[in-house]
Amino acid sequence: MTPIGRRTLAGYLFLSPALALLGLFTLAPFAQGILLSFQSWDGVGLDTPWVGLENYRRVLADDVFWASMQNALAFGLIGFVLGNALSLGMAVAVSANPRGAVFYRLAYYLPGVFSVIVVGMMFAWMLQPTIGIVNRTLAWIGLAALKRNWLADPLTALPSVAGAYVWYHWGFGFLLFLAGLQAIPRELHEAAAIDGADAWRRFLFVTWPQLRPVTTIVGILTLVSALQIFGTVQVLTNGGPAYYTEVPTLRIYKEGFQFNRFGVAAAMSVVFGAVLVVLSVIQMWIGRRAEAD
Amino acid sequence: MDHIRTPAARPQPLPLAPAARRILVTLPERAAYHGLLVVVAFLSLFPIFWLFSGSLQSAPELYGGVTILPRTPQFRNYATAWTEGHFGTFLGNSLLYASVTVAVILFVASMAGYALARIEFLGRAAVLGLILAVMIVPLPASFVALYKLLIALGLANTRVGYVLALTAGGLPISIFILRGFFVRQPRELEDAAVLDGCSTWDVYWRIMLPLARPGLAAVGIIQFLYVWNEYLLALVMFSTDALMPIQRGLTQFVSSDTPEQHILLAATAMAVLPVIVLYVFAQRSIVQGIMEGAVRG
């Protein structure tokens with residue numbers, strides 16, 4: 001056997017367990033999902049008749065599905081603007097104040113390692129209408145008029161869930177911004193300081209432009225993760241009141257596992273997956289370009 | 001902050017004289033920074049504190065008014081959740097799923113990562129691209145089809161099916177992180193080993209794998225956390241309580257037993273306590289893994 005032949009054989013032998021697992025549990029479901037989106041399946045029998053484009057027609061006409069996409073987008077925008085503004089502020093503050101940096105880093109990222117279910121349970125407990133700390137605090141400081149059933153009120157349900165998401169997610173942006181800040185050459189700040197720029201101007205004219213690739217990546221990753229919110233919403237509101245906090249994954253889950261319309265659920269997955277893939281490709285492309293610079 | 005590694009080697013900042021540092025951050029700015037740091041740290045930690053405080057209170061304390069700390073910690077809440085809520089079973093299941101998944105991932109991903117880093121074989125670029133592509137489609141867009149596949153294979157509602165599906169899910173990012181570690185190792189050791197007559201397997205198993213230990217630790221911890229926190233797949237594929245992992249057990253407990261608030265808080269605390277301990281001791285590896293995942297993924 002030629003050396004290249006031997007190396008190729010060795011390479012694929014080393015790769016074979018990984019390729020087998022990925023093929024069976026990642027690529028096969030991917031193909032299966034696309035096929036299923038043109039079929040009808042009740043989730044029980046083995047009979048899956050072809051229905052053509054019927055599932056997609058239903059998805060296009062499903063207002064709740066598109067509303068769920070809008071809600072996910074709202075979570076993404078709130079996470080992007082509010083969450084990442086906080087993350088960036090925290091990162092700037094930590095890198096300017098090395099004292100206690102270890103503790104702050106530990107504290108900020110801690111929520112990020114929790115499960116979505118635990119996060120949901122925590123916020124459900126704090127927002128509990130009668131004995132939750134939020135309403136009790138409002139009563140205690142004399143703002144009892146502001147007390148409400150946060151998760152059941154159409155006006156506050158989405159912002160409340162978004163609050164839980166921001167809390168859960170801010171450590172992630174913080175870590176990326178912190179790494180980005182540390183990569184900015186210190187001389188730039190010194191030169192600006194010598195020219196008389198105060199902290200705000202240095203931020204505006206040095207930090208912010210230098211951080212642009214990081215900001216873009218954090219932004220897209222925030223959007224991608226917000227679109228996939230599921231467990232926390234299921235625990236907090238299960239999509240309600242009505243469909244005010246419905247999200248795509250929850251919609252797909254209900255369509256399949258509660259209404260037994262797995263073909264429609266598969267078509268929703270394809271539409272939803274396409275959006276996520278486009279976002280990820282954009283992110284990778286930007287990441288490559290930033291690394292090449 | 002030396003342990004947050006940026007992807008490329010950056011020039012080290014010049015050491016600053018104390019006077020120069022004072023130019024950079026004035027006193028009022030420093031005060032503003034400190035204010036922000038303290039407020040956000042409080043916001044980060046308070047919900048966690050509030051969970052644990054509530055989990056140790058008696059029902060009258062919990063329902064009666066605001067109790068910051070319970071007068072006598074009610075560890076019996078935990079015992080109730082452990083026995084009546086079957087949290088002993090759920091925690092045991094999660095420990096099993098997480099350990100087995102991590103072990104399989106480390107073995108399979110390190111072999112693949114080594115081959116992709118060091119063996120020059122035909123089609124390497126294509127395989128690398130394929131694994132990168134696989135990483136893009138996330139579980140929320142594929143769980144319906146995965147469920148159908150698990151049924152077809154007779155693996156729905158089984159421990160083996162859950163572990164295999166999670167292993168496949170964790171492989172791409174693990175392969176990329178480990179490949180990075182192997183690429184960064186010096187070649188001399190390998191060359192010497194080959195001259196001594198070592199086979200490719202020996203080079204991987206006896207020389208490269210021990211060198212990649214920090215990478216293996218990072219990947220192992222990240223994947224352990226991932227499996228411990230996994231919910232969506234467990235939700236759709238398990239119908240037998242005795243097989244459910246902890247996160248699934250938690251929502252099962254809420255929907256089937258409608259537990260009292262203090263028992264539910266104790267159950268939630270049990271689900272998160274191992275994660276907090278792991279995080280405090282392995283923060284370096286976790287942060288490093290997240291950064292690599294974000295930059296590459």
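This is a short chat about the cavities in a predicted model.

Visitor: How many cavities of 30 Å³ or more are there?
Guide: The count comes to 2 in this predicted model.

Visitor: How much space lies in the largest cavity?
Guide: About 60 Å³.

Visitor: Which residues line the largest cavity?
Guide: From chain A, the lining has A:Trp125, A:Ile131, A:Gly132, A:Ile133 and A:Arg136. From chain B come B:Trp50, B:Gln57, B:Glu61, B:Leu62, B:Gly65, B:Val66 and B:Thr67.

Visitor: Which helices supply at least two residues of that lining?
Guide: Helix 6 of chain A, residues 133-140, and helix 3 of chain B, residues 59-64.

Visitor: And how do the residues of the largest cavity's lining divide into nonpolar, polar and charged?
Guide: There are 6 nonpolar, 4 polar and 2 charged residues.

Visitor: On to the second largest cavity. How much space lies there?
Guide: The second largest cavity holds about 30 Å³.

Visitor: What lines the second largest cavity?
Guide: Its lining is made of A:Gly79, A:Gly83, A:Asn84, A:Ser87, A:Val166, A:His169, A:Trp170 and A:Thr222.

Visitor: Which helices of chain A each supply at least two residues there?
Guide: Helix 3 (63-96) and helix 7 (157-182) do.

Visitor: Which helix gives the most to that lining?
Guide: Helix 3 of chain A, with 4 residues.

Visitor: How many residues in the lining of the second largest cavity are polar?
Guide: The polar residues number 6, alongside 2 nonpolar ones, and no charged residue is in that lining.

Note on methods:
Residues numbered from 1 in each chain as written. Chains lettered and ligands numbered in written order. Predicted model: local features only at pLDDT ≥ 70, side-chain atom pairs only at ≥ 80, totals over all residues. Heavy atoms only, no water. 1 Å grid on protein atoms, 1.4 Å probe; cavity = no way out; pocket = protein on both sides within 12 Å on 5 of 7 lines; lining within 4 Å. Points joined across faces, edges and corners; volume = space filled by probe spheres on them. Nonpolar A, V, L, I, M, F, W, Y, C, P; charged D, E, K, R; others polar.
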